[in-house]
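Work through the exercises below with the model open. Try each task before reading its solution.

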Amino acid sequence: MIETHKLKKRDHYLKKLIGFQDTEPVKIITGIRRCGKSSLLKLMVLHLKDTGIAPDQIIEMNFESHDFRSMTSDDIYYYVKERVLPDRKMYLFFDELQRIEAWEDAINAFRVDFNCDIYVTGSNAYLLSSEYSTYLSGRCVEIRMLPLSFYEFLDFHGFEIKETQSALGGIRKQVFDPTGERYELREAFDAYMCFGGMPGIADIGLDQDKALSLLDGIYSTVVIRDILEREKRRGQKQITDPALLRKIILFLADNIGSSVSLTSIGNTLMNEGLLSDGKRKGSPSVHTVQSYVNALIESYFFYEIKRFDIKGKEYLRTLGKYYIVDIGLRNYLLGFRNRDSGHALENIVYFELLRRGFDVSVGKIGNAEIDFIASTANNKMYIQVTESMQSEDVRKRELDPLRKIRDNYEKIVLSLDPGFDASYDGIKSEHLIDWLLVPV
């Protein structure tokens, strides 16, 4: 059980939950394992108590606890019924409820029988996020959690940003740890790029061996429980080879931000003798790869991003890209070294855009590519990501595709070294770290 005094703020997600408080839909919190779903339930409970809800109006059940794990759906119903207060609104919190067979019967009965507000965390070992709506007759809303942003990473590790006077008279931002030791902001960002944003790392400190152990546990749990065991539980036989699954994970991790086809993954694996090539149309290798990649997306391990033709105004079916949910997991899989840092920066920006509520796609304009088109109902941004804007060749490469776009939406290049120019022909050049530090 997580102690409340150890809880760190996740205000971005808590505000979303509060926004749905006392509304009819069941609030379901989903996301990769160990990203903070259980803690978010605890934070919501604290919020309720802080705003005057009496403790006896709140019922919490964690189905990984021995106290509850052997319950049936009926047991859960009667456990809650015994504790419901007449003429009072009840707040029901269920962590890992999907462990219980026919859990949806209890939830649907609570909604009918009691005046209650329901919160659930979802594990993909038992149910896909796409299936909740079916089980709950469409009366649910999904809050999808991600690992820590850079802004949250600093907070979780006790770092504080302060403006200090530089030797040349200017103002610069520096990071101070709880002991008062100061670091350059770039050092803190490099730590984030190395260790990633899994909240548990803040409990063990920025120690590479300990981080590897924690990330290994997350990886093993996602692969064994959320993918392989779920296939057995659902009576399916599509994903049965742990070695093949790991090879596909390593391929996708090594190729984040690159245009990837299922055929190219299959060809690589066939060259290593892991798949048959199949002589007929609809090669089994591609079908197999599709099943494995889908499972990785369903477990929130990888996210797929589609390509959008800006001139043709349509999504393209070919050559999507994949990004890994946490850059620390990538380093665990491939080794802690400076590899492909440009695509790693893209990975960071992609998930930050998701946190900020954007729908994200890759842009295609002619033969050129825009790293990201970030859209909401009434806004759009075009974003390029690069390590440095100092080189004239790099500036041309990053700016030319943006210059081809004829609309008036914001165009930005994000880099770790933006140079002295704040804009080029109306295209903003921003420091990536400063952009990441804008609170969501």
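Contact means heavy atoms within 4.5 Å. This is a predicted model, where local features need pLDDT of at least 70 and side-chain atom pairs count only at pLDDT 80 or more, while totals for chains, interfaces and linings use all residues. Residues are numbered from 1 along each chain as its sequence is written, and side-chain values use heavy atoms, with hydrogens and water left out.

**Exercise 1. Examine helix α15 and its surroundings.**

Step 1. Check the length. Helices (H or I, at least four residues) and strands (E, at least two) are DSSP runs, numbered from the N terminus. The expected span is 1.5 Å times one less than the number of residues. The 12 residues of α15 (392-403) should therefore span 16 Å, and the end C-alpha atoms are 16 Å apart, which agrees.

Step 2. Sort the residues. Buried means under 20% relative accessible area, exposed over 50%, partly exposed in between (1.4 Å probe, protein chains only). V394, E398, L399, P401 and L402 are buried. These buried residues fall within an arc of 160° seen down the axis, so they line one face of α15. The arc is that of the directions from the helix axis to the C-beta atoms. On the other side, E392, D393 and K396 are exposed.

Step 3. Find the cover. Over the buried residues of α15 lie, among others, β11 (359-365), β12 (368-375), β13 (380-388), β14 (410-417), β15 (423-424) and β16 (427-431).

Step 4. Inspect the N-terminal end. S391 caps it, with a side-chain oxygen 3.2 Å from the backbone nitrogen of D393.

**Exercise 2. Work out the strand order of the open sheet of 5 strands.**

Step 1. Apply the pairing rule: DSSP must find at least two bridges between two strands. The order is β2-β3-β4-β1-β5, with parallel pairing.

Step 2. Locate the edges. β2 (58-62) and β5 (140-144) each pair on one side only.

Step 3. Look at one pair. β3 (90-95) and β4 (116-121) are joined by 5 bridges. L92 stands opposite I118 in β4.

Step 4. Add the helices. Axes are lines fitted to C-alpha atoms, for helices over the stretch in contact, and angles run from 0 to 180 degrees between N-to-C directions. Helix α1 (11-19) lies across β1 (26-30), β4 and β5, at about 170° to β5. Helix α4 (103-113) lies across β1, β3 and β4, at about 160° to β4.

**Exercise 3. Is F20 buried, exposed or partly exposed?**

Step 1. Place F20 in the loop between α1 and β1.

Step 2. Its relative accessibility is 30%, so F20 counts as partly exposed.

Step 3. List the contacts. Not counting residues up to four places away in sequence, F20 touches K27, D117, V141 and I143.

Methods: Polar contact = N/O pair within 3.5 Å; in protein donor to acceptor, adjacent residues only side chain to side chain.
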